[in-house]
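I sat down with this model to look up its ligand shell, its overall build and its cores. My entries follow in the order I made them.

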Amino acid sequence: MVRISATRRETVAENTIVWFRRDLRTADMPTFLAAAASAERSIGVFVFDPVLLKPSGVRRRDALYACLRELDEKLGGRLLVISGDPVVEIPKLAALTGAKQVHVSADFGPYGALRDARIAEKVDLVRTGSPFAVAPGRVTKDDGSPYKVFTPFFRSWLDHGWRAPAKTSADTVAWADADTFSEVQRTEIPDSRTVCPVGEAAALRQWKDFLDDGVASYHEHRDRPDFDDTSRMSVHLKFGTIHPRTMLEDLAGRDGDGPKEFRRQLAWRDFYGDVLHHNPESARRNLDRKFDAMRHDSGEDAWMRWEAWCEGQTGYPIVDAGMRQLRDEGWMHNRVRMIVASFLVKDLHLPWWWGARHFMRNLVDGDLPANQHGWQWVAGSGTDAAPYFRIFNPITQGKRFDPDGDYVRRWVPELRGIAGSKVHTVGDRGDKIENYPQPIVDHKEERREALDRYERIKR
Ligand SMILES: Cc1cc2nc3c(=O)[nH]c(=O)nc-3n(C[C@H](O)[C@H](O)[C@H](O)COP(=O)(O)OP(=O)(O)OC[C@H]3O[C@@H](n4cnc5c(N)ncnc54)[C@H](O)[C@@H]3O)c2cc1C
């Protein structure tokens with residue numbers, strides 16, 4: 001139903017829908033402004049889509065539930081949560097509530113973009129903003145083609161700039177009471193316990209703490225897993241409990257190498273969003289199709305090595321520390337993500353997509369563009385990839401980035417009795433440590449094997 005609002009003297013609908021997806025916040029929400037301008041009341045909705053929920057893993061699901069509980073509270077208990085295929089459920093909800101439009105922040109992922117296109121055939125889907133500082137497709141070369149290499153993308157991204165944060169709060173929108181629509185089948189938000197603080201309040205608090213005491217030295221500390229001094233904002237960016245625009249605005253007033261480097265990392269997030277948008281099939285397969293011919297190990301031995309990697313039992317301390325951090329915390333330091341990924345692909349000769357799937361299931365911040373392209377970068381098959389012949393040596397990486405061995409001892413209790421950087425070389429020395437395995441492969445040999453396999457696909 002559409003009627004004339006006496007106060008605003010413009011044509012506004014009675015109801016509209018704000019469909020939350022990767023934007024579980026109330027501040028800096030351009031969709032709220034669009035919704036408030038188009039209707040008197042908004043129905044805030046979240047849909048549990050089994051296609052997205054199933055591969056998420058228990059930790060990310062638990063974090064999602066906690067974010068939704070907080071959002072519901074902010075909306076005065078008016079968040080409507082439903083379950084099913086959004087292609088069916090969203091048009092059904094619009095029909096039941098008489099909503100003329102559905103407001104969303106645009107989804108550029110392969111599944112989300114297709115889903116939204118199908119929904120837009122049935123309802124007026126209004127896309128305002130996206131989860132990125134600069135939406136995929138916006139930063140292009142002069143001839144309009146997408147960038148394939150990060151550094152020129154980054155320069156163009158800085159030149160392009162981003163919008164100022166939208167000034168919004170929960171009160172920007174008049175939320176309709178979901179109970180009014182008794183025909184709608186509601187779903188309860190399950191109870192959950194999370195391994196790290198999540199939600200909008202936690203995101204803003206953590207961001208403020210990092211600005212006060214972290215960003216200034218970020219460039220010096222970001223590669224050191226033992227310091228654990230990175231922002232840990234990835235989880236909040238994943239759920240959209242903070243928008244990168246808000247972060248970039250706060251960084252704008254700060255000089256120095258720390259804020260500059262941090263901005264660059266946020267650009268990597270946008271870069272991978274852009275790459276996946278232009279190459280949706282690269283979520284599942286090699287971007288560089290030459291790598292389709294790469295031979296991977298298979299059989300019982302390969303399977304046992306895979307299990308040892310997943311469980312942090314490879315006998316390479318930095319690899320095992322990382323995999324145990326993932327298992328226990330649902331997060332891993334970026335440097336260590338690179339080391340364990342390189343080990344899986346180049347020492348164990350297993351496909352990158354096995355590792356990517358394991359990460360997506362276990363990471364609370366599991367995010368398709370950053371994850372799949374982080375893996376492809378390491379494997380050498382992605383855009384702007386590390387050259388295949390640059391193979392991480394897990395021992396020298398450990399000694400260089402965890403020089404006192406503190407990170408390893410934190411996550412591998414069996415090695416706590418070994419002081420300093422010697423903890424990285426237990427395998428090399430052949431030390432017998434109770435309950436800790438000998439190296440499952442010889443890095444030098446596997447390095448040669450990896451290079452050999454690469455030579456064969458290069459021709
Ligand atoms: C194999 C592999 C898999 C990865 N999987 C994911 C993933 O599923 N989800 C995810 O958010 N990041 C992923 N990354 C990128 C990076 O490791 C994490 O973003 C970072 O470790 C998160 O910790 P932080 O927030 O403390 O990072 P900070 O160092 O504080 O960086 C700030 C923010 O910049 C962005 N960022 C930093 N590095 C990268 C990067 N290399 N690529 C894209 N964005 C980046 C993230 O949004 C991060 O929160 C992956 C990297 C690799 C090598």
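**Ligand shell.** I started at the ligand, keeping in mind that this is a predicted model. I found 27 residues around the ligand, and Thr230, Ser231, Ser234, Asn371 and Gly374 come nearest. Next I asked which elements give two or more residues to this shell. They are helix H9 (234–239), helix H11 (257–278), helix H14 (334–347) and helix H16 (368–379).

I then sorted the shell residues by character. There are 12 nonpolar, eight polar and seven charged residues. Which domains supply the shell with at least three residues each? I noted domain 2 (131–166 + 200–278) and domain 3 (289–458).

**Arg232.** I looked at this residue for its backbone angle. Phi of Arg232 is near 55°, a positive value in a residue that is not glycine. I placed Arg232 in the loop between helix H8 (218–221) and H9. Is Arg232 buried or partly exposed? I counted 18 C-beta neighbours inside 10 Å, so Arg232 is classed as partly exposed. The cut-off for buried is 20 or more.

**Asp28.** I checked this residue for its phi as well. Phi of Asp28 is near 55°, again positive in a residue other than glycine. Asp28 sits in the loop between strand E2 (11–19) and helix H1 (30–38). I counted 23 C-beta neighbours inside 10 Å for Asp28, so this residue counts as buried.

**Whole chain.** I stepped back to the full chain. I logged 20 helices and six strands. How does the radius of gyration fit the chain length, and what does the globule rule give? The radius of gyration is 24 Å, close to the 23 Å from the globule rule for 459 residues, so the chain is as compact as a globular protein of that length. I also took the spans of the C-alpha trace along its principal axes, which are about 80 × 50 × 50 Å.

I turned to burial and contacts. Buried residues are 44% of the 459 residues in the chain. Of the contacts with a separation of 6 or more, 76% join residues 24 or more positions apart.

**Domains.** I wrote down the domain assignment: domain 1 (2–130), domain 2 (131–166 + 200–278) and domain 3 (289–458). The centres of domain 1 and domain 3, over C-alpha atoms, are 40 Å apart. I asked how many residues each of these two domains puts into their contact. Domain 1 gives six residues and domain 3 gives seven residues. On the side of domain 1 that touches domain 3, I sorted the residues into two nonpolar, two polar and two charged.

**Cores.** I finished with the nonpolar cores. In soluble globular proteins, nonpolar side chains tend to be buried together. The largest nonpolar core here has 80 residues, and Ile17, Cys67, Leu68 and Val102 have the most contacts inside it. H14 gives the most to this core, with eight residues. Why do I place this core between domain 1 (2–130) and domain 3 (289–458)? Both domains give residues to the core, so it lies between them.

I followed up on Cys67. Setting aside neighbours within four places in sequence, I found Cys67 in contact with Leu24, Val198, Gly199, Phe239 and Thr241. My last entry is a second, separate core of 25 residues, including Val139, Ala203, Tyr218 and Leu276.

Key
Residues numbered from 1 in each chain as written. Predicted model: local features only at pLDDT ≥ 70, side-chain atom pairs only at ≥ 80, totals over all residues. Near = placed C-beta within 6 Å. Helix = DSSP H or I, 4+ residues; strand = E, 2+ residues; numbered from the N terminus. Nonpolar A, V, L, I, M, F, W, Y, C, P; charged D, E, K, R; others polar. Domains from an automatic or database assignment. Rg over C-alpha atoms; globule rule 2.2 N^0.38 Å. Buried ≥ 20, exposed ≤ 12 C-beta atoms within 10 Å, placed from the backbone. Core = buried A, V, L, I, M, F, W, Y, C linked by C-beta atoms within 7 Å.
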